[in-house]
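Open the model in a viewer and keep the selection panel at hand. The stops below go from one selection to the next.

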Amino acid sequence: MSARTTPPLPPKPERLLLIATHNPGKRRELTALLSDLPVKLVDLLDVGISEAIVEPYERLEDNARWKAMRYAERTGLWTLADDSGLEIDALGGAPGVHSARFAGPDADDLVRIRKVLELMADVPWPQRTARFRCVIALARPGEPPVLVEGRIEGYIAFEPRGTYGFGYDPIFYIPELGKTMAELPPAMKNQISHRARAARKAREILKRWLAGE
Ligand code: IMP
C-alpha cells in the first residue's frame with residue numbers, strides 16, 4: 001500500500017447479545033426470530049455461566065426484568081431475558097409463572113403435560129381457554145430494562161398432538177388454525193407465537209439501540 005492510500009478501517013467489533021437462558025427451545029426460537037439483526041447471539045453457557053437461573057418473583061414481568069438486569073451487570077453485555085408461561089383459566093391462571101417447575105423440579109415436558117391433562121380431565125371444551133404469555137426484558141448495563149410482551153390465546157386439548165416445539169406445545173390448541181402449537185413447523189410457530197410477538201417488539205428496540213439511540 002502506498003503512503004498516499006487511506007488504510008482500510010479496522011472491522012467493527014461484533015455486538016454481542018446475551019440470551020439469558022439455558023432452555024435450548026427458547027434459544028433456537030429467539031435465534032430465528034432475531035436472525036436479521038447484526039448481532040451475535042450468545043447464551044449463558046457460551047459465556048461460562050452454568051448455574052441454574054433463579055426466578056424469584058410471582059410475575060413474569062418481574063422475573064424477566066430481574067434476569068436481564070442481573071446478567072447485563074454480571075457480563076457487561078446487552079442482555080435479553082424471556083420469562084414465559086401458560087395460563088389456564090380453569091386452573092386460576094396456573095401453571096403461569098411456575099410453568100417450568102409445575103410438576104416438580106425433576107419432571108420433564110411429558111410429566112408436566114400429563115399433570116395438566118389430569119387436572120383438566122373433567123373440564124368441558126368451552127372452559128378450556130388458555131394463553132401463552134411471553135415477557136421479554138432488554139437491558140444494557142447500567143440502564144433500566146425495557147419490557148415488551150406477546151401472547152396467544154387458545155384451548156387446552158384433551159390429548160397431546162404434534163412433535164414440533166417444546167414444553168406445553170402439544171396440548172395448546174389454536175382454534176384459528178385447527179392445530180396444536182406442536183403441529184406447527186418452526187417457521188409457522190415463529191410467525192404467531194407469544195415469543196414471536198414479543199420478539200418482534202424487542203427487535204424494534206434493538207434496531208434503535210444499534211442505530212445509536
Ligand atoms: P421459563 O423458563 O420460566 O420462562 O419457563 C417457561 C416454561 O413455560 C417452559 O419451560 C415451558 O414449560 C413453558 N413454555 C414457555 N414457552 C413455551 C412455548 O413456546 N411452548 C410451550 N411451552 C412453553
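Which residues have the most contacts inside the largest nonpolar core? The model is predicted, and in it this core has 21 residues, with L17, L34, L80, I136, L138 and L206 having the most contacts inside it. Select these six names to start.

**The cores**

Colour the elements that build the core. At least two core residues each come from β1 (15-19), α1 (24-33), β2 (39-43), β3 (78-88), β4 and α5 (194-210). The largest share belongs to α5, which supplies seven residues.

Now centre on I136 and show its surroundings. Leaving out residues up to four places away in sequence, I136 touches L30, L80, A81 and D82. The list also includes V146, L147 and V148, then R195, A198, A199 and A202.

Next, select I88, I113, F132 and I192. These are among the 19 residues of another core, which lies apart from the largest one.

**The ligand**

Show the ligand and what lies around it. Which residues are the closest to the ligand? They are K26, E55, D169, K189 and R195, out of 16 residues that surround the ligand.

Three polar approaches to ligand oxygen atoms can be displayed as distances:

- D83: a polar side-chain atom lies 2.9 Å from an oxygen atom of the ligand.
- S84: a polar backbone atom is 2.9 Å from an oxygen atom of the ligand.
- H194: a polar side-chain atom lies 3.2 Å from an oxygen atom of the ligand.

Stay on S84, which is found in strand β3. Is S84 buried or exposed? Its relative accessibility is 15%, so S84 counts as buried. Show side chains here: S84 and D82 are joined by a polar contact of 3.1 Å, and a polar contact of 3.1 Å also joins the side chains of S84 and R195. With neighbours within four places in sequence set aside, S84 is in contact with K26, L60, G96, S99, R133, C134, H194 and R195. R195 has come up before, as one of the residues that I136 touches and as one of the closest to the ligand.

**A cis peptide bond**

Move to P95, in the loop between β3 and α3. Most peptide bonds are trans. The bond from A94 to P95 is cis, with omega near -5 degrees.

**The aromatic rings**

Select the aromatic side chains. The count comes to six aromatic pairs. Why is the pair of W125 and Y155 stacked? The ring centres are 4.9 Å apart and the planes are at 10 degrees; planes under 30 degrees apart count as stacked. This pair links distant parts of the chain, 30 residues apart: W125 is in the loop between α3 (109-119) and β4 (129-139), and Y155 is in strand β5 (residues 146-156). Both rings belong to partly exposed residues, W125 at 33% relative accessibility and Y155 at 21%.

Keep W125 and add F158. Their ring centres are 5.9 Å apart and their planes are at 35 degrees, so this pair is tilted. Again distant parts of the chain are linked: F158 is in the loop between β5 and β6 (172-174), 33 residues from W125. F158 is partly exposed, with a relative accessible area of 42%.

Add Y173 to the selection. Ring pairs link W125, Y155, F158 and Y173 into a cluster.

**Charges over rings**

What sits over the ring of F158? Show R128: its charged end is 3.9 Å from the centre of the F158 ring. Another case is K115, which lies over the face of F102 at 4.4 Å from the ring centre.

**Last stop: A157**

Finish on A157, in the loop between β5 and β6. A157 is buried, with a relative accessible area of 7%. Not counting residues up to four places away in sequence, A157 touches L117, W125, R128, I171 and Y173. Of these, W125 and Y173 are in the ring cluster, and R128 is the residue over F158. To close, draw a distance from A157 to F102: their C-alpha atoms are separated by 18 Å, and the two residues are 55 residues apart along the chain.

How values were computed. Residues numbered from 1 in each chain as written. Predicted model: local features only at pLDDT ≥ 70, side-chain atom pairs only at ≥ 80, totals over all residues. Heavy atoms only, no water. Phe/Tyr/Trp six-rings, centres within 6.5 Å; stacked < 30°, edge-to-face > 60°. Helix = DSSP H or I, 4+ residues; strand = E, 2+ residues; numbered from the N terminus. Buried < 20%, exposed > 50% of the residue type's maximum accessible area, 1.4 Å probe, protein only. Lys NZ or Arg CZ within 6 Å of the ring centre and 35° of its normal. Core = buried A, V, L, I, M, F, W, Y, C linked by side-chain atoms within 4.5 Å. Contact = heavy atoms within 4.5 Å. Near = heavy atom within 4 Å. Polar contact = N/O pair within 3.5 Å; in protein donor to acceptor, adjacent residues only side chain to side chain.
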